[in-house]
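Student: I am new to this structure and would like a close look at a single part of it, the largest pocket. Could you walk me through what surrounds it and how it fits into the rest of the chain?

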Amino acid sequence: MNICIKKGDITFFNGDAFVNTSNINLYLGTGVGAAIARIGGPEIQEEMNAKAKELPGGVLERGDVILTGGGGLPTKKLIHVAVIGESPVTEEILRKCMKQSLIMARRSGFKRIAFP
């Protein structure tokens with residue numbers, strides 16, 4: 001496994017997928033999520049909304065992931081991991097987020113992924 005650390009705008013990443021640290025409601029609101037919505041187009045949020053309808057209560061458990069297309073972004077797919085909830089983020093939640101993101105990447109056969 002090769003690890004490369006780069007500084008830059010993740011929305012320009014041209015690989016298999018990048019990880020979006022999402023809120024539990026799967027809404028592309030601020031920060032990286034807003035950039036994803038602006039550059040990737042509305043189809044990403046629409047796909048997230050469709051997946052949310054399949055979830056109990058319409059929300060992801062913290063640390064859980066969903067996969068969507070990349071819309072107009074250079075990357076093919078997005079791994080959305082629910083980090084932001086109603087309570088502070090703990091080290092345990094961050095560990096689960098990283099682990100579930102990597103499991104999704106492996107199951108999907110991704111070779112090049114990026115984390116913010």
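Tutor: Happy to! To follow the order of elements, take helices as DSSP runs of H or I with at least four residues and strands as runs of E with at least two, numbered from the N terminus. In this predicted model, the protein chain has three helices and four strands. Reading from the N terminus, they come in the order β-α-α-β-β-α-β.

Now to the pocket itself. As background, rolling a probe the size of a water molecule over the atoms shows where empty space is left. The largest pocket found here has a volume of about 990 Å³. Its lining is made up of 23 residues, and those nearest the centre of the pocket are Cys 4, Phe 13, Ile 113, Ala 114 and Phe 115. Two elements each give two or more residues to this lining: helix α3, spanning 91-107, and strand β4, spanning 113-114. Helix α3 supplies the largest share, with three residues. Sorted by class, the residues around the pocket are 14 nonpolar, three polar and six charged.

Let's step back to the chain that holds this pocket. For 116 residues, a compact globule would have a radius of gyration near 13 Å, and the chain agrees with this because its own value is 13 Å. Along the principal axes, its C-alpha atoms fill a box of roughly 35 × 30 × 25 Å. Of the 116 residues, 41% are buried. Among contacts with a separation of 6 or more, 60% join residues 24 or more positions apart. The accessible surface adds up to about 7,400 Å², and carbon and sulfur atoms hold 54% of that.

For a sense of individual residues, try helix α2, which covers residues 42-53 and includes Ala 50. Ala 50 counts as partly exposed because its relative accessibility is 40%, a value between the cut-offs of 20% for buried and 50% for exposed. Gln 45 also sits in helix α2, but Gln 45 has a relative accessible area of 14%, so this residue is buried. Setting aside neighbours within four places in sequence, Gln 45 is in contact with Leu 26, Tyr 27 and Leu 28.

One last distance helps with scale: from Ala 50 to Gln 100, the C-alpha atoms are 21 Å apart in space, with their positions 50 residues apart in sequence. When you go back to the pocket, start with Cys 4, Phe 13, Ile 113, Ala 114 and Phe 115, the lining residues nearest its centre.

Key
Residues are numbered from 1 along each chain as its sequence is written. This is a predicted model: local features need pLDDT of at least 70, side-chain atom pairs count only at pLDDT 80 or more; totals for chains, interfaces and linings use all residues. Side-chain values use heavy atoms; hydrogens and water are left out. On a 1 Å grid over the protein atoms alone, a cavity is a set of points where a 1.4 Å probe fits but cannot get out, and a pocket is an open set with protein on both sides within 12 Å along at least five of seven lines; lining residues have an atom within 4 Å of a point. Grid points are joined across faces, edges and corners, and a volume is the space filled by probe spheres set on the points. Ala, Val, Leu, Ile, Met, Phe, Trp, Tyr, Cys and Pro count as nonpolar, Asp, Glu, Lys and Arg as charged, and the others, Gly among them, as polar. The radius of gyration is taken over C-alpha atoms; the globule rule is 2.2 Å times the number of residues to the power 0.38. Buried means under 20% relative accessible area, exposed over 50%, partly exposed in between (1.4 Å probe, protein chains only). Contact means heavy atoms within 4.5 Å. Accessible areas come from the Shrake-Rupley method with a 1.4 Å probe; for residues, only the protein chains shown count as cover.
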